[in-house]
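Grab a coffee and have the viewer open. Below is a set of short exercises, each with a solution worked through in steps.

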Amino acid sequence: MRALYATDLSAASEAAIQNETCLECLARIGVETMHLVTVIPSNVHAGMPGMDLEGRRQRALDQYQSVMEATGFDVETHVVRGTPHRRINGIAETVDADLTIVGSRGKSPLENRVIGSTARNLARTTVVPLLVTRIEREADEPEVRREHLFRRLLYATDFSENAERAFDAFSTLRHAADAATLVHVESPKDTGATEGEEPAARLSELEDRLEEWDIETRIDVRRGDPADEILAAADEADASAILLGSRGRSRLRRLLLGSVSESVVTHAERNVYLVPPPRTA
């Protein structure tokens with residue numbers, strides 16, 4: 001697998017990049033190549049002559065590259081200018097990445113809060129699966145909140161085609177997972193949305209598949225606001241990461257379910273693994 005790791009060179013980003021447990025988790029799910037990317041926003045200017053923003057960022061990436069190579073990854077670095085989420089998506093497509101990784105919050109040396117807003121924008125627009133790693137807020141020396149990235153997974157589904165695609169991610173994530181909680185939220189706005197087999201029965205079928213991989217699994221059917229209930233279920237399960245698709249059953253529901261995944265990315269205190277729809281030609 002090839003992963004694109006986006007960083008704003010903040011202490012928060014550094015905490016994730018240099019955390020051996022996080023890197024081992026990525027290796028366990030099959031990541032072999034890392035593309036380290038930092039984006040200088042278009043509205044950030046060099047200022048005084050000799051600041052050499054590109055050079056400073058390249059030297060920082062070189063240090064991160066050494067850490068990752070020592071862990072066993074092949075690493076390439078990219079220092080680019082532009083709108084962060086657009087450049088990240090563009091590079092992900094160019095290098096044919098299987099996964100994009102971004103910190104949930106960060107503050108660059110230039111006092112530009114980039115990663116927090118970038119994570120939200122990527123939740124809307126990502127072209128490959130997106131892993132948002134949650135870093136401590138308001139800490140001088142921040143640490144990763146859930147360094148075992150995928151040990152306890154919470155999978156949220158509305159039984160849509162894209163939710164099924166998100167479930168397929170277990171084929172790789174299972175190598176780093178011990179337990180899983182399968183959640184379906186029945187929203188008052190979704191009258192008739194789960195026609196046919198009862199949600200609990202459908203979740204039980206998925207439970208059987210995971211237990212064949214020796215993943216201890218439980219199911220949870222809830223009713224209420226989807227984002228709020230997903231976050232509450234993740235707290236109750238003490239999940240390391242929340243796994244979900246970024247789109248739902250139909251084009252008419254695309255905006256609503258997109259807002260659910262974006263809300264989860266924004267408010268979760270845990271890692272989030274977001275699976276987008278297939279790329280269109």
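The exercises go from the overall build of this predicted model down to single residues.

**Exercise 1. Take stock of the whole chain: how many helices and strands are there, and what share of the residues is buried?**

Solution.
- Start with the secondary structure: the protein has 10 helices and 10 strands.
- Next, burial. The chain has 281 residues, and 53% of them count as buried.
- Then look at what is left outside: about 13200 Å² is exposed, with carbon and sulfur atoms supplying 43% of that area.
- Finally, check how far along the chain the contacts reach. Among contacts with a separation of 6 or more, 77% are between residues 24 or more positions apart.

**Exercise 2. Work out the order of the strands in the sheet, and say which strands stand at the edges.**

Solution.
- Trace the sheet from one side to the other: β3-β2-β1-β4-β5-β10-β9-β6-β7-β8. This is an open sheet of 10 strands, and the pairing is mixed.
- Now the ends. β3 and β8 each have a single partner strand, so each has one side without a neighbour in the sheet.
- Add the twist, which averages 20 degrees from one strand to the next.
- Something also packs on the sheet: helix α4 (residues 84–94) touches β1, β2, β3 and β4. The helix direction makes about 140 degrees with that of β3.

**Exercise 3. Follow the pairing from β2 through β1 and β4 to β5. Which way do the pairs run, and which residues stand opposite each other?**

Solution.
- β1 (residues 2–6) and β2 (residues 33–41) run parallel and are joined by 5 bridges. Here L4 has H35 as its bridge partner in β2.
- Step across to β4: β1 pairs with β4 in the parallel sense, over 4 bridges. A3 stands opposite L99 of β4.
- One more step: β4 and β5 (residues 130–133) are parallel too, with 4 bridges. V102 faces V132 in β5 as its opposite number.

**Exercise 4. Is β4 enclosed or open, and where do its side chains point?**

Solution.
- Count burial along the strand. In β4, 5 of the 5 residues are buried, so the strand is largely enclosed by the rest of the structure.
- Sort the side chains by direction: L99, I101 and G103 point one way, while T100 and V102 point the other way.
- That fits the general rule that side chains in a regular strand alternate between the two faces of the sheet.

**Exercise 5. Find the members of the largest nonpolar core that touch the most other members, then list what M34 contacts.**

Solution.
- The largest nonpolar core has 44 residues, and L26, M34 and F150 touch the most other members.
- Leave out sequence neighbours within four places, and M34 is in contact with A3, Y5, L23, L26, M68, F73, D74, V75 and E76.
- Apart from this core lies another, of 35 residues; I88, A123, A227 and A268 are among them.

**Exercise 6. Look at R270. Is R270 buried or exposed, and which side chains does it make polar contacts with?**

Solution.
- Locate R270 in the loop between α10 (254–267) and β10 (271–275).
- The relative accessibility of R270 is 6%; that is under the 20% cut-off, so R270 counts as buried.
- Now the partners: the side chain of R270 makes polar contacts with the side chains of D235 at 3.0 Å and D238 at 3.3 Å.
- Follow D238 a bit further. D238 sits in the loop between α9 (226–237) and β9 (241–245), and phi of D238 is near 50 degrees, a positive value in a residue other than glycine. At 35% relative accessibility, D238 is partly exposed.

**Exercise 7. Compare two more aspartates, D214 and D220: where does each lie, and is each buried or exposed?**

Solution.
- D214 is in the loop between α8 (199–211) and β8 (216–223). With a relative accessible area of 70%, D214 is exposed.
- D214 also has a positive phi, about 60 degrees, although it is not a glycine.
- D220 belongs to strand β8 and is buried, at 11% relative accessible area.
- For the surroundings of D220, note a 2.8 Å polar contact between its side chain and that of R222. Beyond four places in sequence, D220 contacts T181, L182, V183, H184, L203 and A233.

Conventions
Residues are numbered from 1 along each chain as its sequence is written. This is a predicted model: local features need pLDDT of at least 70, side-chain atom pairs count only at pLDDT 80 or more; totals for chains, interfaces and linings use all residues. Side-chain values use heavy atoms; hydrogens and water are left out. Buried means under 20% relative accessible area, exposed over 50%, partly exposed in between (1.4 Å probe, protein chains only). Contact means heavy atoms within 4.5 Å. Accessible areas come from the Shrake-Rupley method with a 1.4 Å probe; for residues, only the protein chains shown count as cover. A polar contact is a pair of N or O atoms within 3.5 Å; within protein, one must be able to donate a hydrogen and the other to accept it, and residues adjacent in sequence count only if both atoms are side-chain atoms. A nonpolar core is a set of buried Ala, Val, Leu, Ile, Met, Phe, Trp, Tyr and Cys residues joined through side-chain atoms within 4.5 Å. Two strands pair if DSSP finds at least two bridges between them. Axes are lines fitted to C-alpha atoms, for helices over the stretch in contact, and angles run from 0 to 180 degrees between N-to-C directions.
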